[in-house]
Amino acid sequence: MRRPRLRRTAAAFVAVVAAAALTACGDSGSGTDGGSGALDAPGAEVLEKATDKTTIEFWHAMKGANATAVDQLVADFNAQSGGKVEVKAVFQGSYDETIAKYKASVQQKSTPALVQIYDIGSRFMVDSKQVVPMHKFIEKDGFNAGDIEPNIASYYSVDGKLWSMPFNSSTPLLYLNKEAFERAKLDPTKPPKNLDEIGELAKKLTVKDASGKTVQYGFNAAIYGWLVEQLLATDGKEYCDKGNGRSGLATKVQFDQETAVRVAQWWTDLVKGGYATNTGRKTDDAQAAFKSGTVAMHLESTSVLRGYVDAAKGKFTVLTAPYPKVSASSTGGPIIGGASLWINGVGHDDKEKRAAWEFVKFASGPVEQAKWHTSTGYVPINAKALDEQIDKDWMAKFPQFRTAVDQLHALPPSVASAGCLLGVMPQARKASEDGLEAAIVGSKPAEQAMKDAAASVQGAIDSYNKSVS
């Protein structure tokens, strides 16, 4: 589906935009001059005429098995570049830490030529006026972008044109411990489809020892705002107003609506009843709980699948199922997650921009995407990757990887499943976590917790909208 045009604003308001967009990262400060050079798209002849090697930095936020896959991708590209280009992959921490460091690099006029930015940072990247829209390179080279998965490409497009290249794209999944189901005499091939079903199974899958200590919980997930966004979308509900920010600037978030309150109450009841463990907001802690074999059902991104399969080897079997819907009557689907690649224009010459684009093309190809998919669990952005033998063999061996692909292809196109386009989405996500956590720990009733959380981000929304109007 087409996304509304983002207003291109004068450099004078970039400081306000940046501060509003990144308050959640603990950073504020002035922006920088965009400059007309940011929209230049160099020709292919640039590197062919170059006599010296062009070296660029690629900032990313991948860790664990995903970082290993990034390093291999970079090594493969460098090896085939004929000595013309060297990409240096530099880990910058979490998604939030990476975008915060990127903003600091803008202020210092020392941005990397290529940077990976998570999905909800897209609005800021466009408004920063630092980047070359990806479609400029695509048009210059006549690059065929038709093989990019449509549901993924649309997330990073403005008026049907790509501004960044999808890189690590994910969908959320329901993870199951096969042996835990079998010990409870439950069929793991018939996973729960909605929250009520998860709740009922969680009771049957919770196990205590002779002393009454819980040794296995039925359910666990991190208190992560992304999971709330996904559940709202599966219920066909929009996260923010103005058509999820697509018919105009969104003026408020809507995670205080009935569906979100229902999710918070459901989660709270499971924890209070002792059927779910509360590991807090850190995704690492929730992941560790599932990998230890002490959790039977778990919500997480497909991006961790390879790590889960490796960690569970010899202990239990990891199965995957489609992300649950809120209720049996819900007809929506989850939102694309992950991150994309952005090429910086300001402060970089044609050789550097061309070098970054050559790597982006390489990383987007079917062969490399097949390797990326099988090494990480991220959904391949290139549909032809699924036709590569390595991918076919891998999914035959590990059918858990097919769930995410099938879910992506079954994703019903809708305003809700497209996600909220909001300049202060990082703050909104954090606020939703504030509300969910307050309900789970019992400091506020679920309804009040979510209403207070939604209200807490209103000032940031108003400030951002004023700066871009």
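**Group meeting: a walk through the predicted model**

Among contacts in the chain between residues at least 6 apart in sequence, 78% join residues at least 24 apart. I should say at once that this is a predicted model, and everything that follows is computed from it. The chain carries 22 helices and 13 strands, and of its 469 residues 57% are buried.

Let me begin with the sheet. There is an open sheet of 5 strands, with mixed pairing, whose order is β9-β10-β11-β8-β12. The edges are taken by β9, residues 207-208, and β12, residues 318-322, each of which has a single partner strand, so one side of each is left without a neighbour in the sheet. Helix α9, residues 195-205, packs on this sheet and touches β8, β9, β10 and β11, with a direction that makes about 170° with that of β10. A second helix to look at is α13, residues 283-291, which lies across β8, β10, β11 and β12 and runs at about 140° to β11. As for the pairing itself, strand β8, residues 172-177, is joined to β12 in the antiparallel sense over 5 bridges, and within that pairing Y175 has T320 of β12 as its bridge partner.

Another strand pairing is worth a moment on the screen. Strand β7, residues 165-170, is mostly covered, with 6 of its 6 residues buried, and 5 bridges join β7 to strand β13, residues 337-344, the two running antiparallel. Here the bridge partner of N168 is A339 in β13.

Now to the interior. In soluble globular proteins, nonpolar side chains tend to be buried together. The largest nonpolar core in this model has 134 residues, and the members that touch the most others are F219, F255 and M297. The helix that gives the most to this core is α12, residues 258-272, with 8 residues. What does M297 contact, once its neighbours within four places in sequence are left aside? The list includes L174, Y175 and L176, then F181 and P192, then I198, L201, A202 and L205, and also G218, F219 and N220. F219, which appears in that list, is itself one of the residues with the most contacts to other core members.

Let me turn to the aromatic rings, where the count comes to 22 pairs. One of them is F137 with W357, a stacked pair at 5.5 Å centre to centre and with 25° between the planes. F137 belongs to helix α6, residues 134-141, and W357 to helix α15, residues 350-364, so this pair ties together parts that are 220 residues apart in sequence. Both of these residues, F137 and W357, are buried. Y224 and W226, by contrast, form a tilted pair, with 6.0 Å between the centres and 40° between the planes. Which of these two is buried and which is partly exposed? W226 is buried, at a relative accessible area of 5%, whereas Y224 has 21% relative accessibility and so counts as partly exposed, the cut-off for buried being under 20%. Ring pairs also link F58, F77, F167, F359, F362, W372 and Y378 into a cluster.

Two helices allow a check on geometry. Helix α20, residues 425-441, has 17 residues that should span 24 Å at 1.5 Å a residue, and the end C-alpha atoms are 24 Å apart, which agrees. Since 13 of the 17 residues of α20 are buried, this helix is largely enclosed by the rest of the structure, and just after α20 comes G442, with a positive phi of about 85°. For helix α4, residues 95-107, the 13 residues should span 18 Å at 1.5 Å a residue, and its end C-alpha atoms are 19 Å apart, which agrees. The buried residues of α4 are T98, I99, A100, Y102, K103, S105 and V106, and after α4 comes K109, whose phi is positive, near 55°.

I will finish with a single residue, Q230, which sits in helix α10, residues 225-234. Q230 is buried, with a relative accessible area of 0%. Apart from its neighbours within four places in sequence, Q230 is in contact with P172, Y323, P334 and I335. The C-alpha atoms of Q230 and G332 are separated by 9.6 Å, although these residues are 102 apart along the chain.

Key. Residues numbered from 1 in each chain as written. Predicted model: local features only at pLDDT ≥ 70, side-chain atom pairs only at ≥ 80, totals over all residues. Heavy atoms only, no water. Pairing = 2+ DSSP bridges. Helix = DSSP H or I, 4+ residues; strand = E, 2+ residues; numbered from the N terminus. Contact = heavy atoms within 4.5 Å. Axes fitted to C-alpha atoms, helices over the stretch in contact; angles between N-to-C directions. Core = buried A, V, L, I, M, F, W, Y, C linked by side-chain atoms within 4.5 Å. Buried < 20%, exposed > 50% of the residue type's maximum accessible area, 1.4 Å probe, protein only. Phe/Tyr/Trp six-rings, centres within 6.5 Å; stacked < 30°, edge-to-face > 60°. Expected span 1.5 Å × (residues − 1).
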